[in-house]
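Open the model in your viewer and keep the sequence panel visible. The tour below gives one selection at a time, followed by what is found there.

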Amino acid sequence: MQQKQHYTPGQVVWELTLKCNLRCIHCGSAAGKPRPNELSTKEAIKLCQDLAEINTKEVCFMGGEPFLRNDWFQLGREIRDRGIKLLIISNGYRVANDTISKLASLQPYAVATSLDGGTAMIHDHIRGTNGSFKKVMGFLSSCRAIDLPTTVITTVNKLNMNDLPLIKELLLGKNIAWQIQVATPEGRFPRNYALSKEEYYAVALFITSLRKKYTKKELPVIGAHCFGYHSRAFPGIGLSSTWNGCVAGTSILSIKSNGDVIGCLAIPENYIEGNIRTRSIIEIWNSPESFSYNRKFTVKELGENCRGCFYGETCRGGCMGMSTAFTNQPHNTPFCFYTIEQELSTKNQLKGRTL
Amino acid sequence: MYTCYMLTCKIRGKNMNQKRTKTTEIYKLGQTLGLNTDDIKAILRHESSTKEQMVFAIGPPLYQGGYYGTISINDLSQ
């Protein structure tokens, strides 16, 4: 008899609002205007209580732009008062004067901001707003000045891939974590700007070279969930040397600003499990019917890219967001180190012997 | 006679004619990111005594950070 699994949310990613003051090319949520019927403060506070009830370890506020929601600080306090770690992702644009001191008082586990170019030209173009590079650099300086744990997120696409060495120069020795992730064709992001498999693999080479060259203290850099899996050349490009499949709905949980609950904000709306206005997050999380694509996964569900793979059962076809964005199918990521290396190794290409 | 790639495609039911990853392209792109050929070869030759692991522990996979959300410098300094 199969043992009943007990799931605990490690990180809850909460889209506080879809309202945003930038119009980034790669925005997977196509953020700009708030969603109709976003949660009220009262509903959001109840959600904080319920998240504590299901033993949530971390809550990550994102948007849209979370600082555009007037009660962000109050909700941050609700989270912290329940002993939950708080992380906040902001675009760093037009941050009010008192925001940094308010952030500091919450003792966040991370304050993250997006940096998508090594110069204003690329960053501002991607962010759709002149002056945003200058603003984000100012925001980073303000965070570091009071020693907030700071992270930079770079979302890589064809437009900014060649800027990675410049961004590295900006971050080197600054004690800022650098999370590099791949832009996927969803929301506003056009498919023709997405990385090719070669570009994807080259970015992984770049990350690996930095990790070899610099200590974690000099340049703490990682590839996000979209970089993997089971590589012979660069194992453990992320935080861990293990990859045991997408964790949407098993230890990651996401909430949209209108109360919709989904395993991950990067997957399509047909995976929404319910809305906290009609069923509490406790009920949704604990329901045996929820998040079945990961909780009840079988190898039969693997798509063409992953079918028959040695790692299929545990890998579950890589990142669900990448898989659905590029192939419209779950468990079918086309971006996989293991597959790429198999293709490369057919003529001993992997060792560079053909060059 | 099957090449390794053809065999893999056959086993996995994949289309053999789909575009394959090109090594020359990877080297070229790596160089635009500031890596020289020797750097790239050194990384690619690191075949793995430290190969990425699978863990067959009982229980659901756990959050390890770095997902759609953000990691913290505190995760990395451990």
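## Stop 1: an exposed loop

Select R277(A), which sits in the loop between β10 (274-275) and α8 (281-286) of chain A. The model is a predicted one. Is R277(A) buried or exposed? R277(A) is exposed, with 12 other C-beta atoms within 10 Å, and a count of 12 or fewer is what the term requires. Now add A177(A) to the selection, 100 residues away along the chain from R277(A). The C-alpha atoms of the two residues are separated by 36 Å.

## Stop 2: the sheet of chain A

Show the strands of chain A as a cartoon. Ten strands form an open sheet, in the order β7-β6-β5-β4-β3-β2-β1-β8-β9-β10, and the pairing is mixed. Which are the edge strands? They are β7 (221-223) and β10 of chain A, each of which pairs on one side only. Strands of a sheet pair through backbone hydrogen bonds, either parallel or antiparallel.

Next, select residues 11-15 of chain A, which are strand β1. β1(A) pairs with β8(A) in the parallel sense, over 4 bridges. β1(A) also pairs with strand β2 (residues 58-62) of chain A, again in the parallel sense, over 5 bridges. Pick V13(A) to see both pairings from one residue: its bridge partner in β8(A) is S254(A), and in β2(A) V13(A) stands opposite C60(A).

Step from β2(A) to β3(A), which pair in the parallel sense over 4 bridges. Here E58(A) stands opposite K85(A) in β3(A). Colour strand β3 (residues 85-90) of chain A by burial: 5 of its 6 residues are buried, so the strand is mostly covered.

## Stop 3: a strand covered on both faces

Select residues 252-255 of chain A, strand β8. In a regular strand the side chains alternate between the two faces of the sheet. What covers the two faces of β8(A) can be read from its residues: I252(A) and S254(A) on one side are buried, and L253(A) and I255(A) on the other side are buried as well.

Extend the selection to strand β9 (residues 260-262) of chain A, which pairs with β8(A) in the antiparallel sense over 2 bridges. S254(A), already seen as the partner of V13(A), has I262(A) as its bridge partner in β9(A). The hairpin of β8(A) and β9(A) has 4 residues between the strands. Within this hairpin, check the backbone of G259(A), which takes a positive phi near 95°.

## Stop 4: an enclosed helix

Select residues 320-327 of chain A, helix α11. Why is α11(A) largely enclosed by the rest of the structure? The reason is that 7 of its 8 residues are buried. The buried residues are M320(A), G321(A), M322(A), S323(A), T324(A), A325(A) and F326(A). Display β6 (177-182) of chain A alongside, since the buried residues of α11(A) pack against β6(A). After α11(A) comes N328(A), whose phi is positive, near 60°.

## Stop 5: two helices within chain A

Select helix α4 (residues 120-127) and helix α5 (residues 132-145) of chain A. Their axes come within 8 Å and cross at roughly 105°. The two helices are therefore roughly perpendicular to each other. On the α4(A) side the contact has A120(A), H123(A), D124(A) and R127(A), which meet S132(A), F133(A) and K134(A) in α5(A). By type, the residues of this contact divide into 2 nonpolar, 2 polar and 3 charged.

## Stop 6: across to chain B

Show chain B, whose secondary structure comes to 4 helices and 0 strands. Along the sequence the pattern is α-α-α-α. Chain B has 78 residues, of which 32% count as buried.

Finally, select helix α7 (residues 197-213) of chain A together with helix α2 (residues 23-32) of chain B. How are these helices arranged? They pack at an angle of about 50°, with their axes 9 Å apart. That angle makes α7(A) oblique to α2(B). The crossing is right-handed. From α7(A), the contact uses E198(A), E199(A), Y201(A), A202(A) and L205(A), and from α2(B) it uses E25(B), I26(B), L29(B) and G30(B). The residues of this contact divide into 5 nonpolar, 1 polar and 3 charged.

Methods
Residues numbered from 1 in each chain as written. Chains lettered and ligands numbered in written order. Predicted model: local features only at pLDDT ≥ 70, side-chain atom pairs only at ≥ 80, totals over all residues. Buried ≥ 20, exposed ≤ 12 C-beta atoms within 10 Å, placed from the backbone. Pairing = 2+ DSSP bridges. Contact = placed C-beta atoms within 7 Å. Axes fitted to C-alpha atoms, helices over the stretch in contact; angles between N-to-C directions. Parallel < 35°, antiparallel > 145°, perpendicular 65-115°, else oblique. Left-handed = near helix turned anticlockwise from the far one by under 90°. Nonpolar A, V, L, I, M, F, W, Y, C, P; charged D, E, K, R; others polar.
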